[in-house]
Amino acid sequence: MSEMNKQKIVSSVPQTGFFGHPKGLFTLFFTEFWERFSYYGMRAILVYYMYYEVSKGGLGFDQSTALAIMSIYGSLVYMSGVIGGWIADRILGPSRSVFYGGIFIMLGHIALAVPGNIPMFFVSMVLIVIGTGMLKPNVSSIVGDLYSETDARRDSGFSIFYMGINFGAFIAPLIVGEVGMKHNFHLGFAIAAVGMFFGLLLFILTKKKNLGLAGTIVPNPLSPAERKRTTFVVIIALIVIAAALTFMIPRGWVTIDSFVMFVGILGILIPICYFVTMYFSSKTSTVERSRLLAYIPLFVAGVMFWAIQEQGSTILAAYADNRTDLSIGGFSISPAWFQSLNPLFIIVLSPLFALLWTKLGNRQPTIPKKFSIGLVFAGLSFVVILIPGTLAGENALVNPLWLVLSYFVVVLGELCISPVGLSATTKLAPTAFSAQTMSLWFLTNAAAQALNASIVDLYTPETETLYFGIIGGASIVLGILLFLIAPVIQRAMKGIR
């Protein structure tokens with residue numbers, strides 16, 4: 001998309017109306033609110049649904065297998081953003097991609113609401129993976145379209161948008177977790193489906209008035225010849241995949257371990273292919289190439305951060321269920337409720353961080369330095385959680401406040417990385433690859449969760465201290481290194497601060 005077209009999109013949207021921001025931010029805020037309500041509601045109970053016994057309404061998977069599947073699921077959800085970004089950039093545009101993605105997500109939650117059915121569980125995974133890949137990167141990309149590159153409200157706008165994500169994520173485990181854990185898993189999944197329906201309805205009713213042209217333009221549309229070639233390649237790929245699975249499944253070659261390895265390889269190869277393709281594209285300018293190089297260390301830092309943060313729904317979820325004293329004054333806490341801590345702290349702290357960055361103006365830390373600070377906080381969150389187990393022993397139940405503190409510390413890091421990363425991606429993205437570069441940012445999460453799926457077996461009560469200590473220490477060391485090379489990265493950004 002040309003800079004002129006970008007300006008037309010920006011100028012076509014009212015510039016105030018939602019807390020001093022464009023009215024379109026209202027539409028995107030609440031669309032993402034309901035999408036995250038549905039996703040995080042489902043995620044709050046999914047790992048328990050997998051490893052609880054069939055007699056308790058679960059699927060009866062081994063716990064380590066359930067944790068690995070959960071990580072792979074999360075990895076594929078974010079990895080599918082590559083396809084969603086490409087579809088938006090080349091075929092549908094971001095707005096229509098968001099709409100169709102929401103439909104897939106809603107159908108996925110409906111599939112989970114079907115009682116006691118393992119095939120429907122895997123069908124739901126496929127639907128939600130596809131839907132989230134189409135919706136999540138593109139709704140964030142549209143937020144970027146609401147602001148010009150030099151608009152000082154841009155970071156603040158993304159912080160407000162990030163609060164919308166977390167309002168939904170905060171409420172969902174309290175409602176879906178309560179219903180799913182204490183009454184019926186499938187009723188909880190049905191509530192998640194209703195949440196996505198509300199998000200779709202709001203998007204349809206308000207997008208024309210509030211968003212204008214934002215998200216409607218296909219930045220780099222396929223030519224007729226490219227359409228034919230793409231259709232042919234997709235058909236051939238589907239045939240090859242179907243034939244390979246038909247050959248391998250009867251021979252027992254398709255296992256959880258082999259799939260974990262396969263997704264882990266994809267988590268490394270796909271970002272590399274993306275960087276290479278964009279860097280050497282004739283549509284990428286010299287300045288944009290320099291910015292892409294600056295983006296690489298930020299990408300690596302993002303992978304390290306999410307490798308820790310995303311264990312809140314796997315390792316720490318199991319920790320809440322098995323290692324935490326859930327009885328307080330005769331009242332029993334649902335382990336799913338701990339999933340609300342991360343978004344709760346973000347809701348409370350996001351306005352403070354947004355105000356801090358605004359007040360500091362040009363004196364605020366540069367993007368690389370914010371990332372380095374975030375990595376140090378992430379590492380400290382794992383240092384915190386290893387303390388109670390070390391003091392009390394591997395068989396004792398620990399005070400839930402330790403888990404609360406760990407979630408709080410990692411949120412301090414998240415607010416230095418996640419909204420800043422979203423904003424930095426829209427700034428550093430080559431014009432011809434805007435939505436796809438946003439997909440690249442979400443690949444940091446995909447790569448991290450693919451890595452987590454490979455190491456989840458290393459966590460046991462006996463190895464707990466070593467597990468948290470090594471991973472937390474690695475994040476702190478990487479954060480310090482990133483801080484030291486921050487000036488070099490900043491120069492390569494070519495004017496983007």
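These exercises work through salt bridges, a surface patch and cysteines in a predicted model.

Local features need pLDDT of at least 70 and side-chain atom pairs count only at pLDDT 80 or more, while totals for chains, interfaces and linings use all residues. Residues are numbered from 1 along each chain as its sequence is written, and side-chain values use heavy atoms, with hydrogens and water left out.

**Exercise 1. Find the salt-bridge partner of R43 and place both residues.**

Step 1. Apply the criterion: a side-chain nitrogen of Lys or Arg within 4 Å of a carboxyl oxygen of Asp or Glu. The structure holds six such bridges.

Step 2. R43 pairs with E310; their closest N and O atoms are 2.7 Å apart.

Step 3. Place the two residues. R43 sits in helix 2 (residues 24-51), and E310 in the loop between helix 11 (286-309) and helix 12 (315-322). The pair links distant parts of the chain, 267 residues apart. Helices (H or I, at least four residues) and strands (E, at least two) are DSSP runs, numbered from the N terminus.

Step 4. Check the cover. R43 and E310 are both buried. Buried means under 20% relative accessible area, exposed over 50%, partly exposed in between (1.4 Å probe, protein chains only).

**Exercise 2. Buried or partly exposed: classify E226 and R90.**

Step 1. E226 and R90 form a salt bridge, with 3.0 Å between the closest N and O atoms.

Step 2. E226 belongs to helix 9 (residues 224-248) and R90 to helix 4 (residues 81-92), 136 residues apart.

Step 3. E226 has a relative accessible area of 23%, so E226 is partly exposed. R90 has 11%, so R90 counts as buried.

**Exercise 3. Explain what the E464 and R323 pair ties together.**

Step 1. The two side chains meet in a salt bridge at 3.0 Å, N to O.

Step 2. E464 lies in helix 17 (residues 464-492) and R323 in the loop between helix 12 and strand 3 (327-328), so the pair ties together parts 141 residues apart in sequence.

Step 3. Both E464 and R323 are buried.

**Exercise 4. List the residues of the nonpolar surface patch and place V276.**

Step 1. The patch is made by M261, I265, I268, L269, I272, V276 and F280, and covers about 730 Å². Patch residues have over 30% relative accessible area and no salt bridge; like charges are joined within 9 Å, nonpolar side chains (Val, Leu, Ile, Met, Phe, Trp, Tyr) within 5 Å. Areas come from the Shrake-Rupley method with a 1.4 Å probe.

Step 2. V276 is in helix 10 (residues 256-280). Its relative accessible area is 43%, so V276 is partly exposed.
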